Amino acid sequence: MELSKLLERIQILETAGNPEREVSALVFDSRKVTENSLYIAVRGTVADGHSYIASSIEKGATVIICEEFPENLDENITYIKVKDSSKTLGHLASNFYGNPSEKLKLIGVTGTNGKTSVSTLLFDVFKNLGYNSALLSTVEIRIGEKVIPATHTTPDVITINKILAQAVDEGCEFAFMEVSSHGISQNRIEGLTFKIAGFTNLTHDHLDYHKTFDEYLKTKKRFFDELNDEAVVITNVDDKNGNVMLQNTKAKKKSYALKTMADYHGRTLEVDFNGMLLNFNGKEFWTTLTGKFNVYNLLLVFGIASELGFQQEEILQAISILKRVNGRFETFKSDGGIFFVVDYAHTPDALENVLDSINEIRTKNERLITVFGCGGDRDHAKRPEMGNIATKKSTLAIITSDNPRTEDPNAIIKEIEAGVEPQNFSKYTSIPDRREAIKMAIKFAEPKDIIVVAGKGHENYQEINGVKHHFDDKEVINELWKLMGK
């Protein structure tokens, strides 16, 4: 690609060297430099890309974009100075791949909980409506029927544009994308043009990264602040932070809610483990999804599809044949009549939502057994909160290991136990081995009892000391109840 085309709409402070260049690749990792690459030096949290300018030139880079020039300039190299390399990277990536987000209707969904579910449900709804779409989520990346494994909640901005360009080439009209706070903070969505942005909720999470809740909120809000005036924001006004997201945005403002007046209003008419009878904007329909949090998820899906110009009746018809998202309130029953729920809930709010949903449905004759843990090397403050919630809302809580990463599982469990109130001491036990914890839950359970295994959902591994070991909650549950004759 011609360098002049690549630099369109890029704010340049200074240039040194030949501006007439052909660029073969766009790279911000010096290890991936190839002949005639453009290398952009990004200052990261661990390393500064400016330190690798010389090595990238040795590997074949002919254009360097940076925030400050090296002391010695190579006359064979083109140097371009910009104010912020990280933000510039997004615009370069968009230009390199032909600005694919402008050729699609790109929908971004952010919030603490529900991002994956809403993005995936949107993809499935539009498939039911007969459209070829793209999906970028934590669980997977899809272009139509093609599945690409996902490695991050929000991939790097070059990868995002590459995927969106593929989606354009394969005739996709829509793309649904999960937008994480890390992705916003690290400028991984810079340069993308969003048609609609949805907000689910904001609760305690990722404070290991953002340090304070206020910083976390400001990061999420930045997504909406940077939208253009042709975009639409749909926010959950039942969440106290929903209206905060609308402050300063240029986008058209829309709302959804169950408890208050909103553009998209929902009511739950009936609910059980098989599904729910709902009413959205005066129209009744049945869904096999269940739980209050799924009412919110579906209402946002309904709102987004409506804003994209679809008739509400056809949207609800497409919603009514949806299947549950992998690892999100997945339910199944053993031969002996034990009811299992597997869910990704790994924040206090998500765990509380799952347990509240079950407690609303069950008759109280059944016992509710919750198996859960907390991830290592992550936010410590949520651990005691989750210990309190699980023991308060369950008949029995079994505290176990999640992804301990580099932490001692027993130390994580102790922090969870610290939140258990004295009156609930008799309602929990701790078993660090996750398989043994699930086995204990099944052993304790009787027919009609409900076992929730929370925290990992779709994940099929446990990360221990930097090594991922195969572990799938659903596989382990199915194996154990058959082995134990339950």
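How many bridges pair β18 and β22, and in which sense? The two strands pair in the parallel sense, over 5 bridges. This is a predicted model. The walk below starts at that pairing and moves out to the neighbouring strands.

Take strand β18 itself, residues 339-343. Of its 5 residues, 5 are buried, so the strand is largely enclosed by the rest of the structure. In a regular strand, side chains alternate between the two faces of the sheet. In β18, F339, V341 and D343 point one way, while F340 and V342 point the other way. All of them are buried. D343 also marks the register with β22, where the residue opposite is A454.

β18 has another partner. Strand β17, residues 330-333, joins β18 through 4 bridges, and this pair runs antiparallel. E330 has V342 of β18 as its bridge partner. β17 and β18 form a hairpin with 5 residues between the strands. There, G337 takes a positive phi near 95°.

Now return to β22, residues 450-454. Strand β19 is joined to β22 by 4 bridges, and the two run parallel. I369 of β19 stands opposite I451 in β22.

Why is β19 called largely enclosed? The strand covers residues 368-372, and 5 of its 5 residues are buried, so the rest of the structure largely encloses it. L368, T370 and F372 point one way. I369 and V371 point the other way, and these side chains are all buried too.

β19 also pairs with strand β20, residues 396-399, in the parallel sense over 4 bridges. Here T370 stands opposite A397. To get from β19 to β20, the chain passes through helix α12, residues 382-393. This β-α-β crossover is right-handed.

Another set of parallel pairings lies earlier in the sequence, around strand β4. Which residues of β4 are buried on each of its faces? V63 and I65 are buried on one side, and I64 and C66 on the other. Both faces of this strand, residues 63-66, are therefore covered.

β4 pairs with strand β3, residues 37-40, in the parallel sense over 3 bridges. I40 stands opposite I65 in β4. Between β3 and β4 the chain runs through helix α2, residues 53-58, and this β-α-β crossover is right-handed. β4 is also joined by 4 bridges to strand β5, residues 78-81, and that pair runs parallel. V63 faces T78 of β5 across that pairing.

Next, the nonpolar packing. The largest nonpolar core holds 40 residues. L122, F126, F280, I304 and I319 touch the most other members. Several elements supply at least two residues each, including β6 (105-110), α4 (115-128), β15 (275-280) and α10 (312-320). Helix α9 gives the most, with 9 residues.

F280 shows the packing in detail. Leaving aside residues up to four places away in sequence, F280 touches H265, G266, F285, V295, L298, L299, F302 and L316. Apart from the largest core lies another core, of 32 residues. Among them are L136, I143, I160 and M177.

What volume does the largest cavity have? The value is about 40 Å³. The count comes to 2 cavities of 30 Å³ or more. The lining of the largest one consists of I184, N187, R188, I189, E190, R222, F223 and E226.

Conventions:
Residues numbered from 1 in each chain as written. Predicted model: local features only at pLDDT ≥ 70, side-chain atom pairs only at ≥ 80, totals over all residues. Heavy atoms only, no water. Core = buried A, V, L, I, M, F, W, Y, C linked by side-chain atoms within 4.5 Å. Buried < 20%, exposed > 50% of the residue type's maximum accessible area, 1.4 Å probe, protein only. Contact = heavy atoms within 4.5 Å. Pairing = 2+ DSSP bridges. Right-handed = clockwise from strand over helix to strand, strands pointing away. 1 Å grid on protein atoms, 1.4 Å probe; cavity = no way out; pocket = protein on both sides within 12 Å on 5 of 7 lines; lining within 4 Å. Points joined across faces, edges and corners; volume = space filled by probe spheres on them.
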